Amino acid sequence: MRRLALSAVVLVWAAPAAAQRLIVIDPGHGGEDPGGTGNAMEEKDVVLDVCNRFRDLLDADSADEGGGGSWRVLLTRDSDEYVSLGARSSYANDQGADRFMSIHSNAFGDPSANGTETFAYAEGGNGAALRNLVQEEMLEAWGLRDRGNKTANFAVLRETSMPAELHELAFITNAGDAALLASDADRQRAAEAHLYAIQRHFDIGAYLPGSAPSVGAVAGTVIDDAGPIAGAMVSLDGAAAVAVGEGGSFAFIDVPPGDHVVRAEAADHQPEDQPVSIVAGQTAQIEMRLVAIEPSPDVEPDPDPGADDGPNPAPDPDADPDDGIDVDPGLDAEPVPAGPTGGLAGGCSAAGARTGGPQLAVVFYLLALLAGTRTRSRNA
Ligand SMILES: [Zn+2]
């Protein structure tokens with residue numbers, strides 16, 4: 001029970017929810033109200049399509065962990081239906097929207113009228129700030145004439161209780177502007193401009209969902225205290241090892257994001273496993289510092305073969321046969337390494353021979369094996 005509670009706490013800490021904003025998108029007009037008409041188009045159809053694209057981008061941004069923000073998106077209408085101005089603002093207010101963004105296209109009797117403009121109810125505050133960003137992004141996206149950041153006593157701006165803006169994409173009555181309004185690619189660019197504006201408004205960098213790289217890389221060097229280890233081998237997650245390049249350098253590319261393990265091995269060195277966390281679009285830099293295995297003195301020529309450092313001291317004619325020293329003949333039959341290990345054997349044989357014969361035999365055997373392994377490794 002206590003364990004379960006702890007797990008729950010850890011989960012909460014591990015995955016803090018990103019701040020989610022509720023955006024109400026308002027496609028102008030609809031149903032019996034076509035809005036402006038011109039160049040074989042009706043405003044209600046153009047703006048609904050742009051708004052649907054904007055909604056899809058916000059949803060994709062929420063689902064994409066590569067960047068951007070987290071959004072809940074509602075539309076005042078998502079089909080060709082009539083919705084009164086009062087119903088639009090009431091809906092946003094009842095839902096507790098964080099921002100209200102309305103999209104329209106302009107119309108005028110003189111077909112030469114053209115350009116882009118965006119409205120807020122008043123200067124100052126977040127409504128005007130968002131308005132300015134929408135205008136800026138739309139000018140960047142479509143490159144039309146800048147008609148300015150304006151204020152207007154529009155019902156949806158006045159009656160909404162959250163910061164709100166209303167954008168006029170272009171003039172449906174102007175042939176040049178209408179070409180953009182009619183284009184799928186330009187409608188998509190308009191939707192992206194609105195996405196970038198709301199991202200920047202919430203201090204999130206402009207980010208197009210799906211544009212983030214899906215893989216990362218890890219690069220590094222294999223070294224020891226003396227510098228790069230030529231001939232070292234590295235592997236990722238247990239896959240086939242590859243030889244390091246010049247200067248002990250290596251790199252694995254196209255690595256999926258997440259936790260991985262790099263292993264480095266080299267002759268005369270202890271292998272090392274190093275965990276590495278890969279982030280998409282980034283190259284993790286690591287250094288694999290291997291520890292050289294000290295040459296074992298047991299295979300060095302004994303400078304003084306006559307030294308009495310072995311397990312079998314020279315027989316002392318004066319020794320009492322019952323002085324407690326008992327050299328177990330069973331131990332002596334094992335290949336006892338010389339040097340320090342031999343010394344260990346000699347030291348232990350006196351005290352341990354009577355009670356721990358078999359255990360000591362295992363120790364000796366393992367030490368002998370280890371000595372053999374080290375020798376092979378060095379000679380490899
Ligand atoms: Zn309109």
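Helix 4 and helix 7 pack with their axes 8 Å apart and at an angle of about 145°. The crossing of these two helices is right-handed. On the helix 4 side, the contact is made by Ala129, Leu130, Leu133, Val134, Glu137, Met138, Glu140, Ala141 and Trp142. On the helix 7 side, Asp186, Arg189, Ala190, Glu192, Ala193, His194, Tyr196, Ala197, Arg200 and His201 take part.

The model is predicted. The mean pLDDT of the protein chain is 81, and 73% of the residues reach 70 or more. Residues 1-17 have a pLDDT below 50, and this stretch has 0 contacts in the model beyond near neighbours in sequence. Residues 319-380 also have a pLDDT below 50. Beyond near neighbours in sequence, that stretch has 61 contacts in the model.

The protein chain holds 9 helices and 18 strands. Of its 380 residues, 31% count as buried. Among contacts in the chain with a separation of 6 or more, 73% join residues 24 or more positions apart.

**Helix 7 and its partners**

Two packed helices are described by the angle between their axes and the distance between the axes. The table gives these values for two pairs that include helix 7.

| Pair | Angle between axes | Distance between axes |
|---|---|---|
| Helix 4 and helix 7 | about 145° | 8 Å |
| Helix 2 and helix 7 | roughly 50° | within 8 Å |

The axes of helix 2 and helix 7 cross at roughly 50°. That angle makes helix 2 oblique to helix 7. Helix 2 passes helix 7 in a right-handed crossing. From helix 2, Asp49, Val50, Arg53, Phe54, Leu57, Leu58 and Asp61 meet a set of helix 7 residues that includes Arg187, Gln188 and Ala191.

How far apart are the end C-alpha atoms of helix 7? They are 26 Å apart, which agrees with the 26 Å that its 18 residues should span at 1.5 Å a residue. The buried residues of helix 7 are Arg187, Ala190, Ala191, Ala193, His194, Leu195, Tyr196, Ala197, Ile198, Gln199 and His201. What covers them includes strand 1 (20-27), helix 2 (43-63), strand 5 (99-106), helix 4 (125-142) and strand 8 (164-171). Just after helix 7, aspartate 203 takes a positive phi of about 60°.

**Helix 4**

Helix 4 has 18 residues and reaches 26 Å from its first C-alpha to its last, close to the 26 Å expected at 1.5 Å a residue. The buried residues in helix 4 are Gly127, Ala128, Leu130, Arg131, Leu133, Val134, Gln135, Glu137, Met138, Ala141 and Trp142. They pack against strand 5, strand 6 (116-120), strand 7 (146-151), strand 8, helix 6 (175-182) and helix 7. Glycine 143, just after helix 4, takes a positive phi of about 70°.

**Glycine 31**

Glycine 31 lies in the loop between strand 1 and strand 2 (37-38). Is glycine 31 buried or exposed? It has 12 other C-beta atoms within 10 Å, and a residue with 12 or fewer counts as exposed, so glycine 31 is exposed. Leaving aside neighbours within four places in sequence, glycine 31 is in contact with Asp80, Glu81 and Tyr82. Aspartate 45 is 14 residues from glycine 31 along the chain, and the C-alpha atoms of the two are separated by 9.6 Å.

Note on methods
Residues are numbered from 1 along each chain as its sequence is written. This is a predicted model: local features need pLDDT of at least 70, side-chain atom pairs count only at pLDDT 80 or more; totals for chains, interfaces and linings use all residues. Helices (H or I, at least four residues) and strands (E, at least two) are DSSP runs, numbered from the N terminus. The expected span of a helix is 1.5 Å times one less than its number of residues. A residue is buried if 20 or more other C-beta atoms lie within 10 Å of its own, exposed if 12 or fewer, and partly exposed in between; C-beta atoms are placed from the backbone. Two residues are in contact if their C-beta atoms, placed from the backbone, lie within 7 Å. pLDDT is the predictor's confidence in each residue, from 0 to 100. Axes are lines fitted to C-alpha atoms, for helices over the stretch in contact, and angles run from 0 to 180 degrees between N-to-C directions. Angles under 35 degrees count as roughly parallel, over 145 as roughly antiparallel, 65 to 115 as roughly perpendicular and the rest as oblique. A crossing is left-handed if the near helix is turned anticlockwise from the far one by less than a right angle, and right-handed if clockwise.
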